Amino acid sequence: MALEEVYKGENVDEVVELLDKYGKDAKIIAGGTDIVIDLRNNRIDPKVLIDISSIEELKGIKDKGEYIEIGAGVSFTQVVENPLFERNLYGLNKACHMVGSPQIRNKGTLGGNIANGSPAADSIPPLICLNSTLILKSVRGTREISIEDYYRDEDARIRPDELLVSINFKKPKKDQVLSFAKLGLRKALAISRLSIAILVELDEEGKIINIEVASGSLGKYPMRELELEQFLLGKKLEDSTVDEGVLVLQRAMEKRLAGRSTFPYKRVAVDRMFREALGEAMEYLDEVRA
Amino acid sequence: MKEIQLKVNGRDYSLNIDENMRLIDLLRDELGLLGTKEGCGEGECGACTVIMDGETVTSCLVMAFQAHGSHILTIEGLERDGKIHPIQQAFIDVGAVQCGFCTPGMILSAKALLDKNPNPTREEIREGISGNLCRCTGYNKIVDAVELAIKYIEEGK
C-alpha cells in the first residue's frame with residue numbers, strides 16, 4: 001500500500017469531481033471488506049483512496065411506490081433489517097443475510113458487491129431477477145444500465161471516473177415471489193460455490209406465467225438462465241417438469257464451464273440448489289396468497 | 001499524513017495518521033489498546049472486532065481515515081467504575097476463555113447482539129457470534145456464557 005492522498009467524501013458531487021481529477025489513480029472505498037485485502041496484498045496500488053461510507057445520500061432505501069431505490073452504500077445489514085424485503089422480496093433479504101458474517105454484513109455494501117465484480121457476489125442474482133437498473137454518475141452526467149447488461153458486456157462495466165449511486169427495481173406484483181438458494185462450504189463466512197435466484201408467478205391453474213432465473217458462480221459473471229426460463233414458461237410445476245428443468249440448466253452451464261475442475265461438482269450441486277430455490281418460491285407463494 | 005478526529009471508548013482524540021493505516025493499527029500502535037487482536041487480517045476470524053457507531057466491524061478491514069467522526073468501542077471500554085462488564089464476568093464464570101485470543105472480539109460481538117436483541121435464543125447467539133472464530137472452546141461454553149450474561153444484565157449485576 002502506498003497511498004498518497006485519502007479523502008472522506010461528503011457528497012456525490014464531490015466524489016465524482018475527485019474521480020474526474022484522479023481517474024485511474026483513484027479507488028473508491030465503501031465497506032472496505034474486499035478492497036482493504038487487495039490493497040494489503042498489493043493486488044491494486046492506487047495513489048488515492050476516496051471513502052464514500054459516510055455519504056448519506058448513498059445510504060437510503062427508498063420506497064417510491066412502484067419502485068424501490070437502494071443506495072449503493074446500503075449495507076447488507078440494512079437490507080436484512082428493512083421490512084420492505086419481506087414476503088415477496090424475501091429472496092433479496094436471504095441473499096444479503098448469507099453474505100459473510102455479521103461484521104462483514106455491517107460494512108459490506110450492495111454497491112460494492114456490484115462494482116467489485118466478483119462472480120460469487122451473493123446479492124446479484126436476486127437483483128438480476130428483479131431486472132434492476134444501475135445508476136452511475138460522473139462529471140459527464142448520469143448513466144443508466146440494466147444490471148444484466150452491466151455484467152454481460154465488459155465495456156459496460158463501471159469506468160474509472162464513475163460512481164455507482166443506486167440500484168433501482170420495480171416491485172414485484174403481489175403474486176410474484178423472489179427466492180434464493182446458495183451453496184457455501186459452511187454456514188457463516190462462506191463464499192458462494194454457486195447460487196440461484198428465482199422470481200416466479202403462477203396463474204390460477206398453477207401454470208408458470210412469469211419466470212426469471214439468475215445464477216451466481218455458474219459462469220464468468222452472474223447471469224440470467226434464459227434457456228431454463230424458456231423451458232419453464234407456460235408449464236405446470238410438476239415433478240417431471242422440474243426434473244427436465246434441471247437437465248436444461250445443466251446443459252446450459254456445461255457450455256460455459258466444461259473443462260473446469262469444478263464443473264462435475266457444480267453440475268450435481270446445481271440440481272439441489274435449483275430445487276431448493278424453487279421449493280422456497282412455492283412456500284413464499286402460499287404465504288403471500290394467504 | 002491525514003488529520004482525523006474520533007472518539008474511542010468515550011474519549012476524544014485528534015490524531016495525525018498515515019494514509020495507509022488501518023483502524024486496528026491505529027488502536028493498537030497509536031493508542032496502545034492491545035485488547036484488540038489481529039488474527040487473519042482478512043475479516044474472516046473476527047479477532048479484531050470492535051464496535052463502530054453501534055455496529056460490529058472487523059477493524060482490520062477499516063482504513064483508519066474512514067473512522068474520522070465515528071465512535072469506536074474496544075474491549076477496554078467495557079469497564080465501568082473499575083468493574084468489568086457482565087458479559088466479561090459471565091465468560092470468566094462459565095470458563096468460556098481458554099487461550100483468550102478470540103475473547104475480546106467475541107465479547108464485543110455478544111455485546112452488539114444483546115444491545116439489539118436482549119433476549120436471543122441459543123441459535124440467535126450462535127448466529128451473532130458467527131463472525132468470530134474460536135479454536136479452543138468448541139463454542140458451547142461461549143454460548144453458555146452469553147446466556148449467563150443475559151441473566152447478569154437482567155439482574156443488574
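The exercises below, each with a worked solution, concern a predicted model.

**Exercise 1.** Determine how strand E1 of chain B is paired, and with which strands.

*Solution.* Begin with strand E1(B), residues 2-8, which is joined by 7 bridges to strand E2(B), residues 11-17, the two running antiparallel. Within this pairing, B:Val8 stands opposite B:Arg11 of E2(B). Next, consider the connection: E1(B) and E2(B) make a hairpin with 2 residues between them, and B:Asn9 in the turn has a positive phi of about 50 degrees. Finally, look for a further partner of E1(B), which is found in strand E5(B), residues 71-73, paired with E1(B) in the parallel sense over 2 bridges. In register terms, B:Lys7 stands opposite B:His71 in E5(B). E1(B) is thus paired antiparallel with E2(B) and parallel with E5(B).

**Exercise 2.** Describe the side of chain B that touches chain A, in terms of residue counts, the element with the largest share, and residue classes.

*Solution.* The count comes first: 25 residues of chain B are in contact with 25 residues of chain A. On the chain B side, the largest share, 4 residues, is contributed by strand E4(B), residues 55-58. Sorting the residues of that side by class then gives 14 polar, 6 charged and 5 nonpolar.

**Exercise 3.** Name the residues that touch the most other members of the largest nonpolar core, and trace the contacts of A:Ala277.

*Solution.* The largest nonpolar core holds 130 residues, and those touching the most other members are A:Leu164, A:Leu178, A:Ala197, A:Ile198 and A:Ala277. Taking A:Ala277 and leaving aside its neighbours within four places in sequence, one finds contacts with A:Ser179, A:Phe180 and A:Ala181, and also with A:Ile196, A:Ala197 and A:Ile198. Among these partners, A:Ala197 and A:Ile198 also appear in the list of core residues that touch the most other members.

**Exercise 4.** Locate B:Asp81 and B:Tyr139, give their phi values, and decide whether each is buried, partly exposed or exposed.

*Solution.* As background, most residues other than glycine have a negative phi. B:Asp81, however, has a positive phi near 50 degrees, and its place is the loop between E5 and helix H2 (86-94) of chain B. B:Asp81 counts as exposed because it has 4 C-beta neighbours inside 10 Å, the cut-off for exposed being 12 or fewer. B:Tyr139, likewise not a glycine, has a positive phi of about 75 degrees and belongs to the loop between helix H4 (122-128) and helix H5 (140-154) of chain B. With 17 other C-beta atoms within 10 Å, B:Tyr139 is partly exposed.

Definitions and conventions. Residues numbered from 1 in each chain as written. Chains lettered and ligands numbered in written order. Predicted model: local features only at pLDDT ≥ 70, side-chain atom pairs only at ≥ 80, totals over all residues. Pairing = 2+ DSSP bridges. Contact = placed C-beta atoms within 7 Å. Nonpolar A, V, L, I, M, F, W, Y, C, P; charged D, E, K, R; others polar. Core = buried A, V, L, I, M, F, W, Y, C linked by C-beta atoms within 7 Å. Buried ≥ 20, exposed ≤ 12 C-beta atoms within 10 Å, placed from the backbone.
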